[in-house]
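Q: Got a minute to walk through this one with me? I'd like to start with how the helices pack and then poke at some single residues.

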Amino acid sequence: MKPRVFSAMQPTADSLQLGNYLGALVQWVRLQDTHDAIYSVVDLHALTVAPDPEVLRRRSRATAAQFLAAGVDPQRSIVFLQSHVAEHAQLAWLLSTFTGMGEAGRMTQFKDKSAKVGEAGTNVGLFTYPILMAADILLYDTDLVPVGEDQRQHLELSRDLAERLNTRLGEGSVVVPDAHIVESVAKIYDLQDPTKKMSKSAVSPKGTIEILQDPRQVAKNIKSAATDSDAVIAFDREAKAGVSNLLTIYSALDGRSVEQLVADYEGKMYGHLKVDLAEVVVSYLTPLRDSAMEWIESPARLDSVLEEGAAKARTIASATLARLYERVGLVAPTSRR
C-alpha cells in the first residue's frame, strides 16, 4: 500500500495566490503519483473569522475548483469539503479531552491572531483550531502532511496527541504523522512588501498574484512591484528583497535558474525584468485560471466531484472514529455491533 498524505487549505479568499500554487498545489499534484492522497477544503476552520455565509460558500467551491484546475485528479485523490464529513468535528471533541489547556495555549498562531483582534474578537474556535487540525490529520491514518514552517507547531501537536492516544488507548489507535517539507520549493514574497510571505490575507491587493485574477491586473501588480533605487538586477535576499523575489518567481515559472536570469538581464533595467516577468506569469496562469473558471461555472459538476470525494473520505473516517470510540469506552450503536 502507498503511504497516505493529507493536506488542506482554508477558503478565506476569493482566489488562491501564486504562493499557494507553488508552495502547496504543485507538491500535491506530484504526491498523487507516490501516495494515497487526500485533499480537503477546510471550511469549518474558516468559521473562526465569522465569514459572510454566501461568501464562504462561494470561496469553498472556488478553492476546490482551483485544486482541480491545478491538476489534483479526483480519480487518483480524494477531494472534499471538510464540513461534509462530520467525523472531523466528532474526533476534534474527543481529542480536546486529551489536550491540556497549557498545551493548547502555547500555540503561537493563537497568540498572534488573538493579539490582533483582542479578547472581544477572539472565539473559542480560534483557540481549539489546532485540535481540529489534528483531527483532520489523524482521522485518515495519515503518514505524511505537507506543511510550511508556520504550521510545524500545529503538526507537532498532532504528533503528540497521536502518541498520547496510542499510549492510553493501545498501540495502533492512530498513525503518528510526519511532516513533509520540501526545502527546494520557491518561497514567494509579497510584491509590495517583499519581507513578508505572499498571503491570501495581504494588506494590499497589489502585493499578490492571484490565480483567478484578471490577467491585466496580474501584469499591473508585477509592473508596480517594489524594488530598490540602484537599478542593478542581482539576487540578494537581504539587500535587494524585491528584485530577488521577482527573480525567484521568474525562475519557478520559466525554468531558468536565478543565476542564468541574472546573467541574461545584465545591463538591463528593472522595467525590462518586470515586463518580461508579467508576460511569463500571465502566460503560465491563464490556462490554470480558465480551467478553474470552467469548474466554478459548472457548480453541479463540481458538487458531484466533492460529494463523491466526501463519500470516500467518510468510509475511512468512520472506521477510524469507530475504532477510537470503542477504545475510549463509548457504547457503540446497535447498528455497529
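A: Sure. Keep in mind that this is a predicted model. A good place to begin is helix α3 (residues 53-70) and helix α12 (residues 270-296), which pack with their axes 8 Å apart at an angle of about 130°.

Q: What does that angle make α3 relative to α12?

A: Oblique: angles that are neither under 35 degrees, over 145 nor in the 65 to 115 range fall in that class, so α3 is oblique to α12. As for handedness, α3 passes α12 in a right-handed crossing.

Q: Which residues make the contact?

A: On the α3 side you have Ala62, Ala65, Gln66, Leu68, Ala69 and Ala70. From α12 come Leu288, Ser291, Ala292, Trp295 and Ile296.

Q: And how many of those are nonpolar, polar or charged?

A: The contact of α3 with α12 has 9 nonpolar and 2 polar residues, with no charged ones.

Q: OK, next pair. How do the axes of α4 and α7 cross?

A: Helix α4 (residues 87-96) and helix α7 (residues 124-138) cross at roughly 120°, and their axes come within 8 Å. The crossing of α4 and α7 is right-handed.

Q: Who meets whom there, α4 to α7?

A: α4 brings His88, Ala89, Leu91, Ala92, Leu95 and Ser96, and these meet Ile131, Leu132, Ala134, Ala135, Asp136 and Leu138 in α7. By class, the α4 and α7 contact divides into 9 nonpolar, 2 polar and 1 charged.

Q: What about α7 and α8, how do their axes cross?

A: At roughly 65°, with the axes of α7 and helix α8 (residues 152-169) coming within 9 Å. α7 passes α8 in a right-handed crossing. The α7 residues involved are Tyr129, Pro130, Ile131, Met133, Ala134, Ile137 and Leu138. α8 supplies His154, Leu155, Leu157, Ser158, Leu161, Ala162 and Leu165. That contact of α7 with α8 has 12 nonpolar and 2 polar residues, and no charged ones.

Q: Switching to single residues. Is His45 buried or exposed?

A: His45 has a relative accessible area of 3%, so it counts as buried. You'll find His45 in helix α2 (residues 43-46).

Q: What does the His45 side chain make a polar contact with?

A: With the side chain of Asp136, at 2.8 Å. Not counting neighbours within four places in sequence, His45 is in contact with Gln10, Gln82, Tyr129, Leu132, Met133 and Asp136.

Q: Now a lysine. Where is Lys240?

A: In the loop between α9 (215-223) and α10 (241-254). Lys240 counts as buried because its relative accessibility is 8%, and the cut-off for buried is under 20%.

Q: So what does the side chain of Lys240 reach?

A: The backbone oxygen of Val232, at 2.9 Å. Leaving out neighbours within four places in sequence, Lys240 is in contact with Asp228, Asp230, Val232, Ala234 and Tyr270.

Q: How about Arg256, where does that one sit?

A: Arg256 is in the loop between α10 and α11 (258-264). Its relative accessibility is 27%, so Arg256 counts as partly exposed.

Q: Which side chains does Arg256 have polar contacts with?

A: One joins the side chains of Arg256 and Asp264 at 2.7 Å. Another, of 3.3 Å, joins the side chains of Arg256 and Tyr250. Setting aside neighbours within four places in sequence, the contacts of Arg256 are Tyr250, Ser251, Leu261 and Asp264.

Q: And Gln27, buried or exposed?

A: Gln27 counts as buried, at 10% relative accessibility. Gln27 is in helix α1 (residues 18-31), and its side chain reaches the backbone oxygen of Gly23 at 2.6 Å.

Q: Last topic, backbone oddities. What is the phi of Ala50?

A: Near 50°, which is a positive value in a residue other than glycine. Ala50 is in the loop between α2 and α3 and is exposed, with a relative accessible area of 67%.

Q: And what about the phi of Asp141?

A: Asp141 has a positive phi of about 45°, although Asp141 is not a glycine. Look for Asp141 in the loop between α7 and β4 (144-146).

Terms used
Residues numbered from 1 in each chain as written. Predicted model: local features only at pLDDT ≥ 70, side-chain atom pairs only at ≥ 80, totals over all residues. Heavy atoms only, no water. Axes fitted to C-alpha atoms, helices over the stretch in contact; angles between N-to-C directions. Helix = DSSP H or I, 4+ residues; strand = E, 2+ residues; numbered from the N terminus. Left-handed = near helix turned anticlockwise from the far one by under 90°. Contact = heavy atoms within 4.5 Å. Nonpolar A, V, L, I, M, F, W, Y, C, P; charged D, E, K, R; others polar. Buried < 20%, exposed > 50% of the residue type's maximum accessible area, 1.4 Å probe, protein only. Polar contact = N/O pair within 3.5 Å; in protein donor to acceptor, adjacent residues only side chain to side chain.
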